[in-house]
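New to this one? Have a look at the sequence and the fold first, then use the notes that follow to find your way around.

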Amino acid sequence: MEATGGDPGRRITPLRSNLKWSHHALDPDPERQRTSPDAEQQDQSRFDAGVQRFGRVALGAAGGLGVLAALAMSTIAMVDRHAGPTTTVVVRTPAAAVTAPAPAAAAAAPISLTVAGGNKKGPDGKMHDSYSKTDFAVTAGQPLTLNITNKDDAPHSITSPAAGVDIIVKPGTHTYTLTVAKSGRFFWYCKLPCDDWAMKHAGFMAGYITAT
Ligand SMILES: [Cu+2]
């Protein structure tokens with residue numbers, strides 16, 4: 001009647017091979033993965049001791065209970081291995097985090113763009129005024145630097161009442177700051193009379209500001 005576990009050796013052997021495998025697979029120290037014959041012998045002794053202690057449980061349990069017992073023994077073997085005088089306890093102190101202020105979020109890289117009159121063909125086949133870039137992504141509350149070269153002889157603007165943005169873009173190259181307090185996707189347009197069609201179409205004298 002082998003199924004009743006009359007022969008302890010027959011029941012324990014498969015558990016042993018399982019344990020040796022999981023034991024090493026779980027070991028976080030790669031140095032230990034290369035087991036010398038000595039270490040192998042120690043492991044075996046340690047394992048055998050564990051089997052002695054849990055033999056009754058392992059033999060008495062059937063099916064899933066046997067697996068649980070195997071896991072328990074594996075855990076105990078790992079604890080044994082790390083116990084003892086050589087155990088190092090690393091205490092992480094939060095001193096650095098407390099004394100050093102968190103680094104400020106990196107400022108967004110400045111964006112350079114141009115604006116010119118009658119320089120971009122529209123779907124109507126006519127040339128229209130346009131900004132070279134009309135979609136802007138910003139972080140809410142953080143300024144985005146815009147280096148804008150206005151090649152036209154009249155000012156244009158980047159205006160979005162909903163976003164609280166109203167930048168007057170003078171002729172020549174100047175630096176402006178685009179800041180949106182709240183997150184959202186906002187339509188903007190050039191509010192200064194220039195190209196009526198372009199002022200209503202994104203990609204020309206209008207576009208979107210996306211603040212996240
Ligand atoms: Cu304009």
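I158 has I167 as its bridge partner in β6. That pair belongs to a hairpin in a predicted model, and the hairpin is a handy place to start. Five bridges join its two strands, β5 (residues 156–160) and β6 (residues 165–169), and the strands run antiparallel.

**The β5–β6 hairpin**

- T159 pairs up too, and its bridge partner in β6 is D166.
- Four residues sit between the two strands, and G164 in this hairpin takes a positive phi near 75°.
- β5 is mostly covered, with four of its five residues buried.
- P161 is in the loop that links β5 to β6.
- Is P161 buried or exposed? P161 counts as exposed because just 12 other C-beta atoms lie within 10 Å, and a residue with 12 or fewer is classed that way.
- Along the chain P161 and Y189 are 28 residues apart, while 9.8 Å separates their C-alpha atoms.

**The chain as a whole**

- How many helices and strands does the chain have? The secondary structure comes to five helices and nine strands.
- Reading from the N terminus, the order is α-α-α-α-α-β-β-β-β-β-β-β-β-β, so by that order the helices come before the strands.
- The chain has 212 residues, and 19% of them are buried.
- Take the contacts with a separation of 6 or more: 59% of these are between residues 24 or more positions apart.

**The open sheet**

- Four strands make up an open sheet in the order β2-β1-β4-β7, and the pairing is mixed.
- Which strands stand at the edges? They are β2 (127–131) and β7 (172–178); each has a single partner strand, so one side of each has no neighbour in the sheet.
- From one strand to the next, the twist averages 25°.
- β1 and β4 run parallel and are joined by five bridges.
- One of the pairings here is I111 with L146, its bridge partner in β4.

**L113, a residue in β1**

- L113 lies in strand β1, which covers residues 111–121.
- L113 is partly exposed because 16 other C-beta atoms lie within 10 Å, a count that falls between the cut-offs of 12 for exposed and 20 for buried.
- Setting aside neighbours within four places in sequence, the contacts of L113 are Y131, S132, K133, L146 and I148.
- L146 is 33 residues from L113 in sequence, yet the two are 7.4 Å apart in space, C-alpha to C-alpha.

**The nonpolar core**

- In soluble globular proteins, nonpolar side chains tend to be buried together.
- The largest nonpolar core here has 24 residues, and W188, M205 and I209 have the most contacts inside it.
- Which elements give two or more residues to this core? They are β3 (135–138), β4 (144–150), β6, β8 (184–189) and β9 (206–211).
- Leaving out neighbours within four places in sequence, W188 touches base with a stretch that includes I158, T159, S160, A163 and V165.
- W188 is also in contact with A206, G207, Y208 and I209.
- I158 therefore turns up twice in this briefing: as the bridge partner of I167 and as a contact of W188.

Terms used:
Residues numbered from 1 in each chain as written. Predicted model: local features only at pLDDT ≥ 70, side-chain atom pairs only at ≥ 80, totals over all residues. Contact = placed C-beta atoms within 7 Å. Core = buried A, V, L, I, M, F, W, Y, C linked by C-beta atoms within 7 Å. Axes fitted to C-alpha atoms, helices over the stretch in contact; angles between N-to-C directions.
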